[in-house]
Amino acid sequence: MRVSLSLRSAALAAVVGVAAVAATSCAPSTSDGTSEKDEKTGTLRVWLFKEVGNKPKERVVDDVLKRFEKRHDDVRVTVEYIPVESRAEKIKGAFNDPESAPDLIEYGNTDTAGYVADGGLADVTREIEGWKAAPDMDETAKASASVKDKVYGAPLFVGVRALYYRTDVFEELDLEPPSTLNEVATAAKRIRAERPDLYGIAVGGAYTYGAMPFLWAHGGKIAEEKDGEFVSRVNSAAARNGVAAYADLFGDDNCPAGKCAQMTGNDTVEAFAGGKAGMVIGGDFNRQAMEDGKSKGEYGVVPLPGKRSGDIAPAFAGGNNIGVLKSTSHRTLAVSLMKELAGKKTQRELFSAMGFLPTFTDTREQAAKDEPFVAPFVKTLDAGTEFVPASPDWGEIDAGQILPTMFQQIVSGKKSVADAADGAASAMDEAFGK
């Protein structure tokens, strides 16, 4: 996932908490945590992520809630904005304590499978399929809210990465924006050779979502599902070719391994924004960082190209969803509010306020017309994106830094591509096996 107005006052939160406990205490649950009641009045509690610069998001959400409450007599909605960094503990705590849990949550799309495995999210397949807006929903975004053909939320926004490049440097060196991954590498080395004060392209050994497009562009996969179980494929021949292509960008002729092997995605964006790189793989959500940096007014964006000219490398489709908790005693109201918060009108407003890319294709196309900057990102989405394995074990794999470790072993010279990929595959399979 990509993300993160302010919290309600402590006093209000306390009142809400008491009200929620009172409401849910009279709503017994089934053995699987599903409430036996579907109340049509009372208080709905919502947890959303707190963003950097959260006030615009607050204004959009407050307008949604006013409209919702106006249409539903005797219904009140309260919102708590929670830090993204501590979401896992807080949300899992809510799953384990239904009496204090909210009715709806915003959650990162890479968290879907884990939260479903924990038994916290309600199956809303029927409601999503019957939603008038559903046919316009981006399929990858819908898949990010799904596990085994069941839907557990409504996509709220999508984040995707493309290739930022310094227009002044490219003009100085008479370079054209790359049209293949080989041209990315060639341009990077040319920049480094003639402008040794710059990385050609800033890359990071701990930048998983910047590396994955190279693997996917070469026909590789992270993993695949067989007989209901996931099996790692990072050591397949195609995947190893993609891993090698990304690893080849580490070195004194582009981004020295001694520095770049430890860099994260944020580190690479900061390097570009700080005027220290000719190119970087960055997200639509990184624009403000570029505008606040030394590269302001001197950068362009194109889709990250694939192996062949005209191809676009598949990007990771990050983003957030809105889900209903299985324990809610207000299911009908909660589903209705979920659709309102993730609906087209709200997504248009969040795009204008926060720059969040809509998950509905028609709404996204209009956003690209209104704001030309997002056009390369929309083009990347339309070309086809990829996602992490929809396994509850992905959280452990991600937290265990298995893929970054693989890249760092390669670029440091400690292991060959084949050996490092085999080690990563083994570690992933062990996690999947649990």
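The buried residues of α19 pack against a whole set of helices: α9 (208-217), α10 (237-247), α11 (257-260), α18 and α20 (417-433). This is a predicted model, and α19 makes a handy starting point for a walk through it. Nine of the ten residues in α19 are buried, so the helix is mostly covered. The buried set runs through Ile-402, Leu-403, Pro-404, Met-406, Phe-407, Gln-408, Gln-409, Ile-410 and Val-411. Polar side chains are part of that list too, with Gln-408 and Gln-409 among the buried residues.

Both ends of α19 come with a positive phi. Ahead of the helix, Gln-401 sits in the loop between α18 (394-399) and α19 (402-411), and its phi is near 55°, a positive value in a residue that is not glycine. Most residues other than glycine have a negative phi. Gln-401 counts as partly exposed because its relative accessibility is 38%. After the helix comes Gly-413, with a positive phi near 85°.

What about α9, one of the helices that the buried residues of α19 pack against? Here ten of ten residues are buried. They are Thr-208, Tyr-209, Gly-210, Ala-211, Met-212, Pro-213, Phe-214, Leu-215, Trp-216 and Ala-217. As with α19, a glycine with positive phi follows: Gly-219 comes after α9, and its phi is near 85°.

How do α9 and α10 cross? Their axes come within 7 Å and cross at roughly 130°, which means that α9 is oblique to α10. The crossing is right-handed. On the α9 side, the residues that meet α10 are Gly-210, Ala-211, Phe-214 and Leu-215; their partners in α10 are Ala-239, Gly-242, Val-243, Ala-245 and Tyr-246. The four α9 residues in this contact also appear in the buried list of that helix.

Helix α10 also meets α20. These two axes come within 10 Å and cross at roughly 115°, again in a right-handed crossing. Arg-240, Val-243 and Ala-244 supply the α10 side of the contact, while Val-417, Ala-418 and Ala-421 supply the α20 side. Val-243 takes part in both pairings, meeting α9 as well as α20.

The disulfide search brings α11 back into the picture. Over the whole structure, one disulfide turns up. Cys-255 and Cys-260 form it, with their sulfur atoms 2.0 Å apart. The torsion about the S-S bond is about -80°, so this disulfide is left-handed. Both Cys-255 and Cys-260 are buried. The range of α11, 257-260, takes in Cys-260, and α11 is among the helices that the buried residues of α19 pack against.

Several loop residues are worth a look as well. Ser-391 lies in the loop between β15 (385-386) and α18. Is this serine buried or exposed? At 5% relative accessibility, Ser-391 counts as buried. Its side chain reaches the backbone nitrogen of Asp-393 at 3.0 Å. Leaving aside residues up to four places away in sequence, Ser-391 touches Ala-113, Phe-230 and Phe-432. Of these, Phe-432 falls within the range of α20 (417-433), and Ala-113 within that of α4 (112-117).

Asp-111 is found in the loop between β3 (104-108) and α4. With a relative accessibility of 15%, Asp-111 counts as buried. Asp-111 and Ala-145 are 34 residues apart in sequence, and their C-alpha atoms are 9.1 Å apart in space.

His-72 belongs to the loop between α2 (55-71) and β2 (75-82). A polar atom of its side chain lies 2.8 Å from the backbone oxygen of Phe-68. Beyond residues up to four places away in sequence, His-72 touches Leu-333 and Ser-336.

Finally, there is Lys-148, in the loop between β4 (146-147) and β5 (150-151). Like Gln-401, Lys-148 has a positive phi without being a glycine; for Lys-148 the value is about 50°. How does its accessibility class come out? Lys-148 counts as exposed because its relative accessibility is 59%, whereas Gln-401, at 38%, counts as partly exposed.

Notes
Residues are numbered from 1 along each chain as its sequence is written. This is a predicted model: local features need pLDDT of at least 70, side-chain atom pairs count only at pLDDT 80 or more; totals for chains, interfaces and linings use all residues. Side-chain values use heavy atoms; hydrogens and water are left out. Buried means under 20% relative accessible area, exposed over 50%, partly exposed in between (1.4 Å probe, protein chains only). Contact means heavy atoms within 4.5 Å. A polar contact is a pair of N or O atoms within 3.5 Å; within protein, one must be able to donate a hydrogen and the other to accept it, and residues adjacent in sequence count only if both atoms are side-chain atoms. A disulfide is a pair of cysteine sulfur atoms within 2.5 Å. Axes are lines fitted to C-alpha atoms, for helices over the stretch in contact, and angles run from 0 to 180 degrees between N-to-C directions. Angles under 35 degrees count as roughly parallel, over 145 as roughly antiparallel, 65 to 115 as roughly perpendicular and the rest as oblique. A crossing is left-handed if the near helix is turned anticlockwise from the far one by less than a right angle, and right-handed if clockwise.
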